[in-house]
Structure formats: structure tokens, C-alpha cells
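Trainee: Could we go through this structure together, one topic at a time? I would like to see how each answer is reached.

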Amino acid sequence: MAIDLTVDIAGIPLKNPVLTAAGPTSRDGETLAEAARGGVGGLVAKTISVKPAEVPRPNMQTLDRGKSQWLLATAMQHQIVHLERIQVRGAYGLLNHELWSDKHYQKWLDYEYPRAKETGLALIASMGYTPDELKKLAPLVQKAGVDGIEFSTHYIETDPKVFNDVAKTLKESVDIPIFAKMSPHVKDLTVFTKAVDRYVDGFVAINTLGPCLHIDIETGRPLLGGPGGVGWLSGPAIKPLAIRAVADIARGTTKPVIGVGGVSTGADAIEFFMVGASAVQVCTAAILEGQSVYGRIVTEIAEFLDSHGHTSTEDVHGIALKHLPSETLRIESLPPTVNEEACSGCGLCSKSCIYSAIAVNAKTTKAQVNSELCYGCGVCVSICPHRALSFETSG
Ligand SMILES: Cc1cc2nc3c(=O)[nH]c(=O)nc-3n(C[C@H](O)[C@H](O)[C@H](O)COP(=O)(O)O)c2cc1C
């Protein structure tokens, strides 16, 4: 079946729904051109502001369980490629203290945006932070030929008054689409979204979470070089938060929402589409895996859609929202059913059952649930690699 991956976001045409995100992998025109070669469907550039940032070094630190000594030693004994796999695939997150662009905005206007536009892809500029700063920068950026503007709320955080002032100022300064990039620290995103909706053409969620701290136990020091050694969290660890944020925003607007936070596979992207995202951005996975990551994710999206009988992302767009109950599903225990054909008898369910309610039957070599002991918590259902355990669903 032919899959159509093109998307239109507030009038901006995208070759496919996977975009770069503001960060080191969008730090200049040349890097954005590399992302285009890697298969990205549209470009979002690193955030600029009136003054270049003074970026602390070191400013990035991976978080992964593969850093323990024995894993490193094992990897060295075998192949270096094994080590790489542990670090890239095993990272559950990244801390960063990169701030905004360390280039002067004039350099972006004269060279970086025009260079990125040479790719032929749509280009969204990112900028911050105060109304006065945006009033100055936005018209210049529009003149440089970008297709849209994303404004970062990272440093204005959760104050709706300031947020509205920023969005309103931007709306009055340019006539290209404006996207509000939301902080995960906003408490009620649906209410917040409704308040700012009239000033923007779309939303992006989420930015990084923090500040966070991580200490190297061999030295007792943080590995990041900014004040307090702190950094902001991104990558797989923040994906559930980002999914919830996109769902909350999608329920407060009919405008397009772009999901960002922990996307590293096509399955991640599909999950964002299902809660109402029209496209996704990728940052940490591109840092850890390289710029070919976009093409891989696009291929995986197409494969999923094809194998499920869909022809475009529109077919899955927002389909999960109707399943998010406003009230508790139930409070009675309902034991899961076992699909014996799918069960391999591996025993993972049994090991993770803190109620001792599931075991692999020695004769049948299949998982068996003791309904008397089962609390219906769901760990076994989520841990089974074969989807052999399930709860009955009602529609
Ligand atoms: C090193 C680094 C630098 C970033 N710089 C910016 C930035 O300049 N502006 C911005 O809005 N977000 C910035 N972000 C946040 C990302 O755009 C993205 O929202 C966040 O990392 C979550 O996506 P991910 O899990 O795919 O990394 C940065 C993230 C990282 C890791």
C-alpha cells in the first residue's frame, strides 16, 4: 500500500512528520543540511536570542545503566562497537546545560537560515525570550525567509501572564505561523493552551525537565560544568511526560501539536500521533545516534502504518484521546488472561509478580494465573515480551 507521509502544519508543508528539534543537532545551517541528508522532513533551528549564549563546558552528559565498570570491561574485551551499542541504545536520558545559540543572531540571518533553506525543506526558527527581545528579532527572522517561528518558554516558565505577552507580541510582529514550545513544568496544560490559543498557530511539547543533578561516584563531582553542576533532562526518560503533555494540549486546541521528548523509534512517533501530535521533533536520539536517525524513524513509521492497514499518519491521529477515561476504570481486581499460543513460558511474568499470583506450569510450560492471589496490578501484562497476557477491554 502506498503510504503518504507528507504533513501540513499550520500551512507549512513537511516532506514527512519527523523534524529536527532546537539543540546541538540544529546548531547552524550546515548541521541542518546534514539532517536533511539524514532524511528529516522539516527543519527547526537552535534557539536564538538578542545576545549569544555563554555556554558552560562540559554541557552534556548521558544517563545510562551501561556505564557500570563490568559492562565497560566486557565491552572492551569484545568489540568497541558493543560499547557503542550500550551507550546509544542503553541511554535512558541526557542532561544538558547548553542554553541557547552561542552565535550572534546576525550570523543566523546572513548565513545559517539561508544555508538551511537551500535544502528545500521548510524551516522553523526558534527564538526567546522576553516580549521586547522577540519584537526586535522576529521581523528580522521573517525577512530572512523562514517559514515559521517557534518561541521557547524555557526561561519564562509557567507564568501565564508573561506567556500571553510573549505570544501576543510575536503575533503582532510577524505574519508567519507561530508555535509555542511548552515547558513540562506548566501545571494544567489544557487550561494554559486555551488561554494562549488565539495568539498561536500551533504548539510544541515538551522542552527539557529540570534542573537535575547527576554525580560521578568515582570522583564525587557532577560531570556538567554550569552553575551547581545542574542540567536539564531529555531523552527516553521524559517520553511518558511528553505524551501526557501532548494529550493535554490536544484537548485544549484544534491547532496542530508537535510532539517532542524521547522520540527514538517509529513506535515512539506513532504514540505521539495517537495522542494528537501531527509531527514529532527529535533531539537526544540524533545526538546519540547521529543524523541518519531521522530516516530510520521515518522508515519505521511507514512500516507500522503499512502493517496496520493505514495509508497516512492521519489514520492514527488522536485515536487514543477517546480512550483516556475521565474517571477510574474500575477498582475490582481482574486477573489477566493468558494466550497460551503466544506464551513462551519464559517466566518473566512470574519473576515480576510481587503477589506470587502467576507461575509457569511445569507440565504445560505456559503461564498460569492464580485468580485468588492476583491483585490485577498489570505488571505482568506490561512486561510480557510476547503480548501473551492481556486484560479484557470494553470497546
Ligand atoms: C543539548 C540540548 C540543547 C537544547 N537546546 C534547546 C534550545 O536551544 N531551545 C529549545 O527550545 N530546546 C532546546 N533543547 C530541548 C529539545 O529541543 C527538546 O525539546 C528536548 O530535548 C526533548 O526532546 P528529546 O528527548 O528528543 O531530546 C535542547 C536539548 C538538548 C538535549
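Mentor: Before we come to strand S11, note that strands here are DSSP runs of at least two residues, marked E and numbered from the N terminus. Proline 211 lies in strand S11. Keep in mind throughout that this is a predicted model.

Trainee: Which peptide bond that ends at proline 211 is cis, and what is its omega?

Mentor: Most peptide bonds are trans, which is a reason to look at the exceptions one by one. The bond in question runs from glycine 210 to proline 211 and is cis, with omega near 5 degrees. A cis bond also joins arginine 57 to proline 58, at an omega of about -15 degrees, and proline 58 is placed in the loop between S4 and S5. For proline 211, then, the bond is the one from glycine 210, and omega is near 5 degrees.

Trainee: In what order do the four strands of the open sheet stand?

Mentor: The edge strands, each pairing on one side only, are S5 (60–64) and S11 (209–212). S11 pairs with strand S14 (residues 231–234) in the antiparallel sense over two bridges, and leucine 209 stands opposite leucine 233 in S14. Neighbouring strands of the sheet are turned against each other by 30 degrees on average, direction ignored. With antiparallel pairing, the order is S5-S6-S14-S11.

Trainee: How many residues surround the ligand?

Mentor: The closest ones are Ala21, Ala22, Ser234, Cys283 and Thr284. Strand S4 (43–48), strand S6 (91–96) and helix H10 (284–289) are the elements that give two or more residues to this shell. By class, the shell divides into 12 nonpolar, 13 polar and three charged residues. The number surrounding the ligand is 28.

Trainee: Is the crossing of H9 and H11 left-handed or right-handed?

Mentor: The axes of helix H9 (residues 266–274) and helix H11 (residues 293–307) come within 8 Å and cross at roughly 65 degrees. The contact is made by Gly266, Ala267, Ala269 and Ile270 of H9, together with Ile297, Glu300, Ile301, Glu303 and Phe304 of H11. These comprise six nonpolar, one polar and two charged residues. The crossing of the two helices is right-handed.

Trainee: Over which residues does pLDDT stay under 50?

Mentor: For the protein, the mean pLDDT is 92, and 92% of the residues reach 70 or more. There is nevertheless a stretch for which pLDDT stays under 50, and for it the model has 13 contacts beyond four places in sequence. That stretch is residues 68–88.

Notes:
Residues numbered from 1 in each chain as written. Predicted model: local features only at pLDDT ≥ 70, side-chain atom pairs only at ≥ 80, totals over all residues. Near = placed C-beta within 6 Å. Nonpolar A, V, L, I, M, F, W, Y, C, P; charged D, E, K, R; others polar. Pairing = 2+ DSSP bridges. Axes fitted to C-alpha atoms, helices over the stretch in contact; angles between N-to-C directions. pLDDT = per-residue confidence, 0-100. Contact = placed C-beta atoms within 7 Å. Left-handed = near helix turned anticlockwise from the far one by under 90°.
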